[in-house]
Amino acid sequence: MASELRKAKKWLHGADHICILSHVSPDGDAVGSVLGLTWALRAGGKRVTPALADDVPSTFTFLPGCSEVANAVPEDVDLLIALDTADVERLGSLGQDLPQPIDINIDHHVSNSHFANINLVADDMAATSEYLVDLLEPFGLALDKQVANCLLTGLLTDSLGFRTNSTGISTLGTAQKLLRYGAQLHEIYDRTLHRRSFESMKLWAQALGTARCESGIAWTHVTLEGKAKIGYNASGDADVISQLTAIEDADVAVVLVERPDAEVKISWRAVSGVDVSEIAQFFGGGGHRAAAGASIYGVTLEQAEQDVLYRTRLALNQYLQGCSVP
Ligand SMILES: [Mn+2]
């Protein structure tokens, strides 16, 4: 690992134009880590372009540099870094015409496929943003207020406000360090985890209204028709899955979101120790032990729901049986 770090530092400092990428449907860790590293490298005198295949969600547009995020990789780039991205497919349209393997991959997903020349993967970290705080010094880069605000956004959102089981002593130590450099915890918390659009609330009402909870699995679905009815235009589930994980009888929460062209997007959250990334992988997706996702194509919502519940029940039963062995 030490030699990988030295090599990464050398490549970073030797590059003329660096492009930093992250995954499709960018979340707070994708946006925060991309912008955080962008600003740290720029402060070190580097020319950097942040790039994402999809637009930055409005929740994160308060972060400095959002308006500069490109939706394609510039031609004169000589170093490519992917952040928070488990495999090349997750880069979406950005990954299609890139020279493979790309240069550096920095991530915290347990399912990371080590697709780059240099792979820095720390699956014990709560966020890629958390890992980056540790990497700044070995990379010869400095922390400042701008960088700290971006990285705290990634850390706070991926740890769901410091409540995932990946949140440890070092996570809070890292957060403390970011606060010392001027990161605004209150503002970031309020903007990213607390306040939401009225339409999101209406979507919660709709999805929670049809939610079910049986034998440890809490689930619901979001239909295209339902979204249209309340004027909810974004692609996801408005984080209704987090609400399902609050149900005290739920070991696993599942939300199925109907998308155009016969696609159904599924999200899992494990409340107990069952590994939902394995269930997601069965459906061609991936993620973490406690949070994972996948898409099924060419099916109706009903078919997908049946298959997904069957697999989830199987995995949960296997896990619970394993737990009861004396
Ligand atoms: Mn992440």
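**Close-up 1. Strands E1 and E3 run side by side in this predicted model.** Here E1, residues 17-21, lines up parallel to E3, and four bridges join the two. To find your way in, start from Ile20: its bridge partner in E3 is Ile81. On to the next neighbour: E3 also pairs with strand E4 (residues 104-107), again in the parallel sense, this time over three bridges. In that pairing, Leu83 stands opposite Ile106 of E4.

**Close-up 2. Strand E3 is covered on both faces.** Which residues of E3 are buried on each side? Leu79, Ile81 and Leu83 are buried on one side, while Leu80 and Ala82 are buried on the other. Because five of the five residues of E3 (79-83) are buried, the strand is largely enclosed by the rest of the structure.

**Close-up 3. The largest nonpolar core holds 54 residues.** Ile20, Leu21, Val34, Ala51, Ile81, Leu151 and Leu152 have the most contacts inside this core. Helix H2, residues 28-43, supplies the largest share of the core, with eight residues. If you would like a single residue to centre on, try Leu21: setting aside its neighbours within four places in sequence, Leu21 is in contact with Ala51, Leu80, Ile81, Ala82, Leu91 and Leu94. Another core, of 34 residues, lies apart from the largest one and includes Leu203, Val222, Val254 and Val274.

**Close-up 4. Helices H4 and H6 pack against each other at an angle of about 50°.** The axes of H4 (residues 145-158) and H6 (residues 185-194) are 10 Å apart. Why is H4 called oblique to H6? The label follows from that angle of about 50°, because angles that are neither under 35 degrees, nor over 145, nor from 65 to 115 count as oblique. The crossing of H4 and H6 is right-handed. At the interface, Asn149, Leu152, Thr153, Leu156 and Thr157 of H4 meet Leu185, Ile188, Tyr189, Thr192 and Leu193 of H6.

**Close-up 5. Six strands form an open sheet with mixed pairing.** Reading across the sheet, the order is E6-E7-E8-E9-E11-E10. Which strands are at the edges? They are E6 (212-214) and E10 (286-287), each of which pairs on one side only. Within the sheet, E7 (residues 217-222) and E8 (residues 252-259) pair in the parallel sense over six bridges. A handy place to look is Ala218, whose bridge partner in E8 is Ala253.

How values were computed:
Residues are numbered from 1 along each chain as its sequence is written. This is a predicted model: local features need pLDDT of at least 70, side-chain atom pairs count only at pLDDT 80 or more; totals for chains, interfaces and linings use all residues. A residue is buried if 20 or more other C-beta atoms lie within 10 Å of its own, exposed if 12 or fewer, and partly exposed in between; C-beta atoms are placed from the backbone. Two strands pair if DSSP finds at least two bridges between them. A nonpolar core is a set of buried Ala, Val, Leu, Ile, Met, Phe, Trp, Tyr and Cys residues joined through C-beta atoms within 7 Å. Two residues are in contact if their C-beta atoms, placed from the backbone, lie within 7 Å. Axes are lines fitted to C-alpha atoms, for helices over the stretch in contact, and angles run from 0 to 180 degrees between N-to-C directions. A crossing is left-handed if the near helix is turned anticlockwise from the far one by less than a right angle, and right-handed if clockwise.
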